[in-house]
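Have a look at the chain below and turn it around a few times before reading on. We'll walk through it piece by piece.

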Amino acid sequence: MDPQEPDLVILVAGAYTAVTDRLQRELESRRIDGMRPSYGFVIRAVHAERPTVNRLAELLEVTKQSASKLADDMIRAGFLTRVPDEEDRRRVRLELTDRGAAVRRSALRTSEKLEDELAAAAGPRAVPALRRALLALIEAEGGLEAVAARRPRPPQG
């Protein structure tokens with residue numbers, strides 16, 4: 001590797017920052033404010049399975065208290081709501097509000113745009129090659145199941 005080139009970890013971290021910044025700009029252009037990067041992980045998890053707070057804690061690999069605080073913050077911001085479980089009224093599930101669903105749709109559109117832009121800039125084979133490389137990295141680190149379920153957890157730390 002050329003010592004002048006950034007190492008892979010810096011490139012992946014920089015890509016994560018670029019993507020989260022782009023998503024934030026897209027949401028701001030749609031006048032959706034109050035989003036934090038960690039909310040995106042919750043929105044994906046809630047869309048996938050309408051979890052309880054306990055289950056959300058498992059999905060995000062955080063404490064129940066952290067998941068509860070995050071859910072409360074997102075409810076106050078208008079992205080989530082609590083609804084009684086249809087099968088067990090003692091259990092409360094998290095659900096996306098219209099505003100939360102709008103964030104999800106915006107993120108998916110932005111993802112599609114990014115893929116198109118990358119293909120245009122680096123060539124049509126670049127995006128499939130990048131996908132394969134990222135999946136290999138994720139699989140090697142044991143995160144493939146969460147990614148396959150479209151519910152990766154936020155970075156810890």
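Arg 50 has a relative accessibility of 24%, so it counts as partly exposed. You'll find Arg 50 in the loop between α2 and α3. Keep in mind, by the way, that you're looking at a predicted model. What is the phi of Arg 50 near? The value is near 45°, which is positive, and Arg 50 is not a glycine. Most residues other than glycine have a negative phi, and that makes a positive one worth a look.

There's another case a little further along. Glu 61 has a phi near 55°, again a positive value in a residue other than glycine. Glu 61 sits in a loop too, between α3 and α4. Is Glu 61 buried or exposed? With a relative accessibility of 52%, Glu 61 counts as exposed, because the cut-off for that is over 50%.

Now step just one place back in the sequence. Leu 60 belongs to helix α3, and Leu 60 is buried, with a relative accessible area of 3%. To get a feel for distances, compare sequence and space: Leu 60 and Ala 102 are 42 residues apart in sequence, and their C-alpha atoms are 21 Å apart.

Time to zoom out. The chain has seven helices and two strands. Starting at the N terminus, you meet them in the order α-α-α-α-β-β-α-α-α. The C-alpha atoms fill a box of roughly 60 × 35 × 25 Å along the principal axes. There are 157 residues in the chain, and 27% of them count as buried. About 10500 Å² of the chain is exposed, and carbon and sulfur atoms supply 54% of that. As for charge, the chain carries 27 positive and 25 negative side chains, and the centres of the two sets lie 5 Å apart. How about contacts? Looking at those with a separation of 6 or more, 51% are between residues 24 or more positions apart.

Next, the inside. In soluble globular proteins, nonpolar side chains tend to be buried together. Here, the largest nonpolar core has 24 residues, and Val 42 and Met 74 have the most contacts inside it. Which elements give two or more residues to this core? They are α2, α3, α4, β2 and α5. The largest share comes from α2, with six residues.

Let's follow Met 74 for a moment. Leaving out residues up to four places away in sequence, Met 74 touches Tyr 39, Val 42, Ile 43, Phe 79 and Leu 80. Two names in that list, Tyr 39 and Phe 79, are about to come back.

How many aromatic pairs does a search of the whole structure find? Just one turns up. The rings of Tyr 39 and Phe 79 have their centres 5.8 Å apart and their planes at 65°, so this pair is edge-to-face. The reasoning is simple: planes over 60 degrees apart count as edge-to-face. Tyr 39 lies in helix α2, while Phe 79 lies in the loop between α4 and β1, so the pair ties together parts that are 40 residues apart in sequence. Both Tyr 39 and Phe 79 are buried.

From that loop, move on into strand β1, where you'll find Arg 82. At 37% relative accessibility, Arg 82 counts as partly exposed. Arg 82 has a good list of neighbours: not counting residues up to four places away in sequence, Arg 82 touches Val 53, Ser 68, Ala 71, Asp 72, Ile 75, Val 92, Arg 93 and Leu 94. Take Val 92 from that list: Arg 82 and Val 92 are ten residues apart in sequence and 6.3 Å apart in space, C-alpha to C-alpha.

Finally, head towards the later helices. Leu 130 has its place in helix α6. With a relative accessible area of 40%, Leu 130 is partly exposed. Leu 130 and Phe 41 are 89 residues apart in sequence, with 22 Å between their C-alpha atoms. Past that helix, Gly 142 lies in the loop between α6 and α7. Gly 142 has 64% relative accessibility, so it counts as exposed. Gly 142 and Arg 25 are 117 residues apart in sequence and 31 Å apart in space, C-alpha to C-alpha.

Conventions:
Residues numbered from 1 in each chain as written. Predicted model: local features only at pLDDT ≥ 70, side-chain atom pairs only at ≥ 80, totals over all residues. Heavy atoms only, no water. Phe/Tyr/Trp six-rings, centres within 6.5 Å; stacked < 30°, edge-to-face > 60°. Helix = DSSP H or I, 4+ residues; strand = E, 2+ residues; numbered from the N terminus. Buried < 20%, exposed > 50% of the residue type's maximum accessible area, 1.4 Å probe, protein only. Contact = heavy atoms within 4.5 Å. Areas by Shrake-Rupley, 256 points an atom, 1.4 Å probe, with all protein chains shown as cover. Lys, Arg positive; Asp, Glu negative; His and termini not counted. Charge placed at Lys NZ, Arg CZ, Asp CG, Glu CD. Core = buried A, V, L, I, M, F, W, Y, C linked by side-chain atoms within 4.5 Å.
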